Amino acid sequence: MLTDSTLVFVALAGIFAFSFYAVLVAGQLSLGQAGFAALAAYASAVLAPDPGEAGDAVTLAVALAIGVGVGVVAAVLLGLPTMRLRGVFLAIATLGFAEAVRILLVNAEWTGGAQGMSVPKVVTPGIAWALLALVAYLFWRQGPTRYGRALAAIREDELAARTTGIDVGAHRLAAFVTAGGTAGAYGALTAFTMRFIDPGLFDFASAIDGLVMAVVGGSTVWFGPVLGGAFLTLVPEIQRAAGLEAGWIRPFLASLLLLAVILFRPGGLASFFPVGRGPRPAGRGTARGAGGDAADDDPGAPGASGAATEPAHPHRRRARVAAGDVVARLTGISKDYGGVHALRGVDLQLRAGEVVGLIGPNGAGKTTCVNILSGLVPPSDGTAEVLGLDPARTPVHRVAAAGVARTFQHAKLFGRLSVLDNVLAGAHLVTRGTFLRRLLWLPSARRDERAAVVHATACLERVGIADKAGLAAGELSYGDQRRVEIARALAADPALVILDEPAAGMNRVEAAALGELITSLAADGLTILLIEHDVGLVMRTCDRVTVLDFGAVIASGEPAHVRDHPDVVAAYLGTEAV
Ligand SMILES: Nc1ncnc2c1ncn2[C@@H]1O[C@H](COP(=O)(O)OP(=O)(O)OP(=O)(O)O)[C@@H](O)[C@H]1O
């Protein structure tokens, strides 16, 4: 039989699990939530008015406001210096914070030290469940929005997320602060539930509990934490009903479950529920329902007929560079990696509307060159200018925002997201945020999401892969992954598209279609830099070709001129390509 206090504990556990979910969706492992919760619990216990005078409702409202506020402020203060950390380093740093908080609370006088302090009880099951529902609602609405997709993109591949224009630092901090606020709410609620708080409530074991509940429930689906919280809180109840009093069973089971979930069911308990996660593609001829992943809760998903009336681009279509203007210029660029001279005095110029090929044998420095152009790697010497920016001094997402989009030599897709969501994430720079408006169910949010889906579907159609929109990107063949990457790059409405070996993994027919696509993109005014080992494709599609060998330019000019250049023939000697 579920008692009132069990009901409250299940709800509180769910809220605490959501504070872990908040960062796990962005791929961060933070264990500081117990520290946020402890600060919030004590601050609200000390500062909130006495319910005997103010009434239960006022006391709880003030306590929650204090708890969330304290959690948010603490997360900002902790997040600013720690957001540069990744993976286990962030986990350790945040765990250190939580432990420091606990030790301070144990040793402070105003907290009652290890003895704790008494707090009036005002939380009822109804209140606890209403608040859990509110928190779950926030995360549910967050998922299929520009913000939610950006967090998922960061989780899946941070570097690729940067190059699609997502400000990874700001988004990670936002997720961390959300976790702080949620943990703060949990702390305040815990204080006004237990009648008595002591630092042991927020110790290492409780931090691990929260993490286990989020992971066991499912750390990528919004209702996962509710499942995890309910499941693990009910274990002792079931034990009691069965007459098993052993205290070790719950933690033992939790640890075992964590292991099993990580090994066999990374999606957690939530993955047993067939719930769609992404919007449906727009328009006719697309595979809605493909892969069983396209049904969804998203009111932004348009019907087939509605799509036809939508504009084929979202709101912030970016200004084109005038034909013939210089889009990018590398002057005397060198790059050394220790003793390796990856680039030596490279000059390269790209003009609007041109397709420029960059070829050369393996290790010639082609990828290094495009990494410099897209801001991923600073040159050791020389100057670079891309769309008016110095990419060496500009954060990668700002280079992308200026109009540079790229693909990678080894496709870097957001593997667990659908193909359509990949392209929607690629449209980050040209779509409006819809999260806050989705919370209020404003029709304009639905319109904006719909326009984004129409735009993304058009990009998928352009590369001929709209029929796979509902599949998880990681399930696709190599050739298809490359096409999705190109669609994702196009979704940002860029001025310069850098394609790093796009035909790798494609058959002849697909490569020929790719050639036609590149030509048509240039006809639309885009500038293309094409790195490709398929020299036939380069010769067919490029206006100019630059050849690198051992980090230096050995030839540059029209394809026919370059093909017959003796140095190029020598560099490629032994290959059939030229
Ligand atoms: N991060 C790095 N650290 C050390 N050396 C590097 C690094 N990146 C590239 N290099 C070296 O720089 C040289 C140029 O590499 P790069 O990847 O730019 O060549 P590439 O022309 O793109 O070759 P491929 O066609 O094989 O990809 C190679 O010798 C490579 O080993």
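Here are five short exercises, each with a worked solution, on a predicted model.

**Exercise 1. Find the domains, then work out which element gives the most to the side of domain 1 that touches domain 3.**

Step 1: Start with the bounds. Domain 1 covers 4-272, domain 2 is built from two pieces, 316-403 + 494-577, and domain 3 covers 410-493.

Step 2: Check how far apart the two partners sit. Taken over C-alpha atoms, the centres of domain 1 and domain 3 are separated by 31 Å.

Step 3: Look at the contact itself. Here 18 residues of domain 1 meet 19 residues of domain 3.

Step 4: Pick out the elements on the domain 1 side. Helix H6 (125-142), helix H7 (146-156) and helix H8 (158-163) each give two or more residues. The winner is H7, with 8 residues.

Step 5: Sort that side of domain 1 by chemistry. You get 8 nonpolar, 5 polar and 5 charged residues.

**Exercise 2. List the residues that surround the ligand and say which element supplies the most of them.**

Step 1: Go around the ligand. The residues you meet are Tyr337, Val340, Ala342, Gly360, Asn362, Gly363, Ala364, Gly365, Lys366, Thr367, Thr368 and Gln409.

Step 2: Match them to elements. Strand E4 (340-351) and helix H14 (366-373) each supply at least two residues of this shell.

Step 3: Pick the top contributor. That's H14, with 3 residues.

Step 4: Sort the shell by type. It splits into 4 nonpolar, 7 polar and 1 charged.

**Exercise 3. Lay out the sheet that contains E4 and explain why E4 has one side without a neighbour.**

Step 1: Write down the order. Three strands, E4-E3-E6, make an open sheet with antiparallel pairing.

Step 2: Look at the ends. E4 and strand E6 (381-386) are the edge strands, and each has a single partner, so one side of each lacks a neighbour in the sheet.

Step 3: Check the twist. On average, neighbouring strands here are turned by 15 degrees against each other, direction ignored.

Step 4: Zoom in on one pair. Strand E3 (residues 326-337) and E4 are joined in the antiparallel sense by 8 bridges. As a handy landmark, valine 326 sits opposite arginine 351 in E4.

**Exercise 4. Give the strand order of the 6-strand sheet and find its edges.**

Step 1: Read across the sheet. The order is E7-E8-E9-E5-E10-E11, the sheet is open, and the pairing is mixed.

Step 2: Find the edges. Strand E7 (404-406) and strand E11 (552-557) have a single partner strand each, so one side of each is left without a neighbour in the sheet.

Step 3: Add the twist. Neighbouring strands are turned by 15 degrees on average, again ignoring direction.

Step 4: See what packs on the sheet. Helix H20 (residues 508-523) touches E5, strand E8 (496-500) and strand E9 (527-531), and its direction makes about 150 degrees with that of E9.

**Exercise 5. Decide whether the residues of E5 are buried or exposed, and name its partners.**

Step 1: Count. In E5, 5 of its 5 residues are buried.

Step 2: Split them by face. Val355, Gly357 and Ile359 lie on one side, Val356 and Leu358 on the other, and both faces are covered.

Step 3: Follow the E10 side. E5 (residues 355-359) and E10 (residues 544-549) run parallel over 4 bridges. Glycine 357 has valine 545 as its bridge partner, and isoleucine 359 stands opposite valine 547.

Step 4: Follow the E9 side. E5 and E9 are also parallel, joined by 4 bridges, with valine 355 opposite isoleucine 528.

How values were computed
Residues are numbered from 1 along each chain as its sequence is written. This is a predicted model: local features need pLDDT of at least 70, side-chain atom pairs count only at pLDDT 80 or more; totals for chains, interfaces and linings use all residues. A residue is near a molecule or strand if its C-beta atom, placed from the backbone, lies within 6 Å of it. Ala, Val, Leu, Ile, Met, Phe, Trp, Tyr, Cys and Pro count as nonpolar, Asp, Glu, Lys and Arg as charged, and the others, Gly among them, as polar. Two strands pair if DSSP finds at least two bridges between them. Axes are lines fitted to C-alpha atoms, for helices over the stretch in contact, and angles run from 0 to 180 degrees between N-to-C directions. Two residues are in contact if their C-beta atoms, placed from the backbone, lie within 7 Å. Domain bounds come from an automatic or database domain assignment. A residue is buried if 20 or more other C-beta atoms lie within 10 Å of its own, exposed if 12 or fewer, and partly exposed in between; C-beta atoms are placed from the backbone.
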